[in-house]
Amino acid sequence: MDEPHDWDKVLGLYARLERNEGIEPNAEVHDLCRRVARDVAISHDDAERALRTSSGAETLIREMRRRIFEGSRRLSRALVDSARRKKAGDVAGAKEMLEAVLAVEVVPLYREQAEIALDYVDDPED
């Protein structure tokens, strides 16, 4: 992530869309969308294409929010379930939980966190 608050800004834009408030497709919004699109694995070309129209920008914002929200929930559940299984002695099951996330997750930050957790599954409990 370029700036920690960028995702929060996208979530704020999404909230405005949900309240049927307009979004001014200005340079600041476009720059934000470009940065966050990259963070959530939306290609530069797809983001640029979306930013050509107001409806495309709205669709892009909704997709970025979806990836942030769903990826976060998926990762959180997997981390909790993996830890629970590891604590119960089911290391293979703990690994499966994290591997399942890696099989579907596209957001690099969430993938990295799942990979880090997977690297530590075999470590003994403290």
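Biologist: Where does A41 lie in this model, and what is the sign of its phi?

Modeller: In this predicted model, A41 sits in the loop between α2 and α3 (44–50). Its phi is positive, about 65°, although A41 is not a glycine.

Biologist: Why is A41 called partly exposed?

Modeller: The relative accessible area of A41 is 36%. Buried needs a value under 20% and exposed one over 50%, so A41, at 36%, falls in between and counts as partly exposed.

Biologist: Which other loop residue has a positive phi without being a glycine, and what makes it exposed or buried?

Modeller: That would be N20, with a positive phi of about 60°. N20 belongs to the loop between α1 and α2. Its relative accessibility is 72%, and the cut-off for exposed is over 50%, so N20 counts as exposed.

Biologist: Good, let's turn to a lysine. How do you know whether K86 is buried or exposed?

Modeller: By the same kind of reasoning. K86 has a relative accessible area of 17%, which is under 20%, so this lysine is called buried. K86 is part of helix α4 (residues 54–87). Setting aside neighbours within four places in sequence, K86 contacts A94, Y120, V121, D123 and E125.

Biologist: And how do helices α1 and α2 meet?

Modeller: Happily, there is a standard way to put it: two packed helices are described by the angle between their axes and the distance between the axes. Here the axes of α1 (residues 6–18) and α2 (residues 27–39) come within 10 Å and cross at roughly 115°. The crossing is left-handed. On the α1 side, D6, W7, K9, V10 and L13 make the contact, and on the α2 side V29, L32, R35, V36 and D39 do. Sorted by class, that contact holds six nonpolar, four charged and no polar residues.

Biologist: What is the order of elements in the whole chain?

Modeller: From the N terminus the order is α-α-α-α-α-α, with six helices and zero strands.

Biologist: Why is the chain called more spread out than a compact globule?

Modeller: Its radius of gyration is 17 Å, whereas the globule rule gives 14 Å for 126 residues; the value is well over the rule, so the chain is described as more spread out than a compact globule. Along the principal axes, the C-alpha atoms fill a box of roughly 55 × 30 × 20 Å.

Biologist: How much of the chain is buried?

Modeller: Buried residues are 34% of the 126. As for the accessible surface, it comes to about 7600 Å², and carbon and sulfur atoms account for 49% of that.

Definitions and conventions: Residues are numbered from 1 along each chain as its sequence is written. This is a predicted model: local features need pLDDT of at least 70, side-chain atom pairs count only at pLDDT 80 or more; totals for chains, interfaces and linings use all residues. Side-chain values use heavy atoms; hydrogens and water are left out. Axes are lines fitted to C-alpha atoms, for helices over the stretch in contact, and angles run from 0 to 180 degrees between N-to-C directions. Helices (H or I, at least four residues) and strands (E, at least two) are DSSP runs, numbered from the N terminus. A crossing is left-handed if the near helix is turned anticlockwise from the far one by less than a right angle, and right-handed if clockwise. Contact means heavy atoms within 4.5 Å. Ala, Val, Leu, Ile, Met, Phe, Trp, Tyr, Cys and Pro count as nonpolar, Asp, Glu, Lys and Arg as charged, and the others, Gly among them, as polar. The radius of gyration is taken over C-alpha atoms; the globule rule is 2.2 Å times the number of residues to the power 0.38. Buried means under 20% relative accessible area, exposed over 50%, partly exposed in between (1.4 Å probe, protein chains only). Accessible areas come from the Shrake-Rupley method with a 1.4 Å probe; for residues, only the protein chains shown count as cover.
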